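Reader: Hello! Could you walk me through this structure, one question at a time?

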Amino acid sequence: MNWTAEKTTVNSWNEWDPLKHVIVGLATDCHIPPAEPALDAKVPEDSDMRGQWGKRPQEMIDRGNELLDNFALQLQKRGIRVDRPTPTDFSLPATTPDFHTDSQFGCMPPRDVLLTVGSEILEATMSYRCRWFEYLCYRPLMQQYFNEDPNFRHEAAPKPRLTDADYRADYLSEKIGIEKRLEWTADKFFVTTEEEPLFDAADVLRMGKDLVVQHGFTTNLKGIEWLRRHFPDHRVHAVNFPGDPYPIHIDATFTPVRPGLILNNPNRRLPDDQREFFHRNGWEIVDAAQPAHNSPPPLCYSSTWLSMNVLVLDPKTVCVEKSEVYQAEQFDKLGIEVVEVELRDAYAFGGGLHCCTADVYRESSFEDYFPKG
Ligand code: ARG
């Protein structure tokens, strides 16, 4: 097989096999969306973003794009094909018969929207109203892949209605307090209800036959059940991480690096009963290194733990954000080569190196890494 063929082949079964083709997001026209129930629950109580919305400052967008373009170039120089989304006008409202919100979001973290499993790319339901139409930014690429790869399966999960019934009113208050939030999330009392299946693609980790899915603000149990029925040849595991007051997207919490090794955020440990599955199969779960920063950059949704939001290029090579020296040192000690990538000034657009990408092709096949089920 010719792994470097320019014509598209969609194929990726896990987070670590050699990466050959990837989508990198864009900061273009990115907006801070107006308040809506699920988004509000996620914005930290002391965040500088509370109470403001509209297009992000153009200088920040330009700087974000500069870094994302450089990252794309770095990947291309290593022989990896990079595609980019086509932004739509995010100043437009998102309106359906069920809801209205005054602006959209952007097309930065493609990881949140697109889930690649084998030869399939699945558009997630999403759980924020402002991100309901975001799949449109990837449709030109999906059309191209569909034309070029006769085996590509383009799928979309049922679009959710996102009425108020999808969200717990308990989360509407701005002053819940961190203690209460930690209690609620440890009890799996999240902002999303079980009205209908909801999931964001970035809550899913692909580990061959096993899909590990975070139950939290953006993905509910019905969403996980939908994934189980949709991927009947996989084992689908629901996991949750007490210690995270704003649990969305698994990739700053639980990071598989190569078969047998996972980094876990030490403030958000996987509960013992959920660890057992990994341990009985000989996998090691180690604490991730501390972030290098005490606070996230301005106007950022994410925590400082984007330090562990790394992009694995192959089981021996990992892209790490340039300023995250402790994370780089940890990989060094594990015998993994670190590729430094400057991205911190693009964090505000929705995430780090894993978030800002979506797999199209890894040299990988469908394998069972957990033979003891
Ligand atoms: N919830 C994570 C944190 O702040 C950020 C995850 C971002 N991931 C993503 N795919 N957008 O720690």
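Reader: How many disulfides does the structure hold?

Author: Happy to help, and please keep in mind that this is a predicted model. A disulfide needs two cysteine sulfur atoms within 2.5 Å. The count of disulfides in the structure is zero.

Reader: Which cysteine sulfur is closest to that of C130, and why is there no bond?

Author: C130 is a buried residue, because its relative accessibility is 2%. A disulfide would call for a pair of sulfurs within 2.5 Å. The gap here is 9.6 Å, so it is too far for a bond, and the closest cysteine sulfur belongs to C30.

Reader: And how far from C356 is the nearest cysteine sulfur?

Author: C356 takes part in no disulfide either. C356 counts as buried because its relative accessible area is 0%, and buried means under 20%. Its nearest cysteine sulfur is that of C355, at 7.3 Å.

Reader: On to the ligand, then: where does the ligand sit?

Author: Good place to turn next! Around the ligand there are 13 residues, and D112, I248, D251, S303 and C355 come nearest. As for its site, the ligand is found in the largest pocket.

Reader: What is the distance from a ligand nitrogen to the side chain of D112, and how much of the ligand does the protein cover?

Author: A nitrogen atom of the ligand lies 2.8 Å from a side-chain N or O atom of D112. The side chain of D251 also has an N or O atom 2.8 Å from a ligand nitrogen, and a polar backbone atom of G350 is 2.9 Å from one. On its own the ligand has 350 Å² of accessible area, and the share covered by the protein is 98%.

Reader: How many residues of the shell around the ligand are charged?

Author: The shell splits into three classes. Five of its residues are nonpolar and four are polar. For the charged class, the number is four.

Terms used:
Residues numbered from 1 in each chain as written. Predicted model: local features only at pLDDT ≥ 70, side-chain atom pairs only at ≥ 80, totals over all residues. Heavy atoms only, no water. Near = heavy atom within 4 Å. Polar contact = N/O pair within 3.5 Å; in protein donor to acceptor, adjacent residues only side chain to side chain. Areas by Shrake-Rupley, 256 points an atom, 1.4 Å probe, with all protein chains shown as cover. 1 Å grid on protein atoms, 1.4 Å probe; cavity = no way out; pocket = protein on both sides within 12 Å on 5 of 7 lines; lining within 4 Å. Sits in = over half its atoms within 2 Å of the grid points. Nonpolar A, V, L, I, M, F, W, Y, C, P; charged D, E, K, R; others polar. Buried < 20%, exposed > 50% of the residue type's maximum accessible area, 1.4 Å probe, protein only.
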